[in-house]
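Reader: I have a fold open on my screen and would like to practise reading it. Could you take me through it feature by feature?

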Amino acid sequence: MMKQAVAAAVGGALAVGTVPLVLSAVGFTGAGIAASSVAAKMMSAAAIANGGGVSAGSLVAILQSVGAAGLSTSSNILLASVGSVLGACLGNSPSSLPAEPEAKQDEARENVPQGEPPKPPLKSEKHEE
C-alpha cells in the first residue's frame, strides 16, 4: 500500500512538472512560438486552415497561452490528480501480488487414464464373390 502511495505522489509531481518542459521543447515558450519548431508548424497549418489567422480557443492558441503563462491552479490540480492515478496504477506491480504455487518436480506422478481406454481398431471384412 505504501508503494502505491509513493507512486501516486511521484506520478502527480511528474505530471505537473513535465508539462511545461514538454511544451517548451515543442516550441511553445514564454517568449512566443520558437522558429522552426513543431509549434511553428502547427501555427502555420492552423493559420492556413483559418484563412491567415489562428482562431482564439484553438489548440495552438491554448498551448501558446499555457507555454507563455503556465497552467492555472485548477489545471495543475487536475493534472496532478490524473498523474497520481496513473502513478498509483503503475505502482501496483505484479510483484506485490501473492505468488502462485509452483509445481514441484520431485513429486511422483501417477499414470492415471483420463477416460475410456482407446478401442481396438475394427477388423476389416473382406467380401469375396
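Author: Let's go from the overall layout to the core, then to a helix pair and a single residue. Keep in mind that this is a predicted model.

Reader: Fine. Which secondary structure elements does the chain have, and how do they run from the N terminus on?

Author: There are four helices and two strands. Starting at the N terminus, you'll meet them as α-β-β-α-α-α.

Reader: What do the totals for the chain look like, say for buried residues and accessible surface?

Author: The chain has 129 residues, and 18% of them are buried. Its accessible surface is about 10,400 Å², with carbon and sulfur atoms accounting for 63% of that. As for contacts, take those with a separation of 6 or more: 60% of them join residues 24 or more positions apart.

Reader: On to the core, then. Which residues make up the largest nonpolar core?

Author: The general idea first: in soluble globular proteins, nonpolar side chains tend to be buried together. Here the largest nonpolar core has seven residues: Leu23, Phe28, Ala39, Ala46, Val60, Leu63 and Val66. Two elements, α2 (38-49) and α3 (59-69), each give two or more residues to this core. The largest share is from α3, with three residues.

Reader: Which residues does Leu63 touch, if I skip those up to four places away in sequence?

Author: With those set aside, Leu63 touches Leu23, Phe28 and Met42. Leu23 and Phe28 are core members along with Leu63.

Reader: How should I read the α2 and α3 pair?

Author: Two packed helices are described by the angle between their axes and the distance between the axes. For α2 and α3, the axes come within 9 Å and cross at roughly 145 degrees. The crossing of α2 past α3 is left-handed. On the α2 side the contact uses Met42, Met43 and Ala46, and on the α3 side Leu59, Val60 and Leu63. Sorted by type, the contact residues are six nonpolar, no polar and no charged.

Reader: One residue to finish: Gln64. Is Gln64 buried or exposed?

Author: Gln64 counts as buried because its relative accessible area is 18%, and the cut-off for buried is under 20%. Gln64 sits in helix α3.

Reader: And what is Gln64 in contact with, beyond its neighbours within four places in sequence?

Author: Leaving those neighbours out, look for Phe28, Thr29, Gly32 and Ile33 around Gln64. You've already come across Phe28: Leu63 touches Phe28 too.

How values were computed
Residues are numbered from 1 along each chain as its sequence is written. This is a predicted model: local features need pLDDT of at least 70, side-chain atom pairs count only at pLDDT 80 or more; totals for chains, interfaces and linings use all residues. Side-chain values use heavy atoms; hydrogens and water are left out. A nonpolar core is a set of buried Ala, Val, Leu, Ile, Met, Phe, Trp, Tyr and Cys residues joined through side-chain atoms within 4.5 Å. Buried means under 20% relative accessible area, exposed over 50%, partly exposed in between (1.4 Å probe, protein chains only). Contact means heavy atoms within 4.5 Å. Axes are lines fitted to C-alpha atoms, for helices over the stretch in contact, and angles run from 0 to 180 degrees between N-to-C directions. A crossing is left-handed if the near helix is turned anticlockwise from the far one by less than a right angle, and right-handed if clockwise. Ala, Val, Leu, Ile, Met, Phe, Trp, Tyr, Cys and Pro count as nonpolar, Asp, Glu, Lys and Arg as charged, and the others, Gly among them, as polar. Accessible areas come from the Shrake-Rupley method with a 1.4 Å probe; for residues, only the protein chains shown count as cover.
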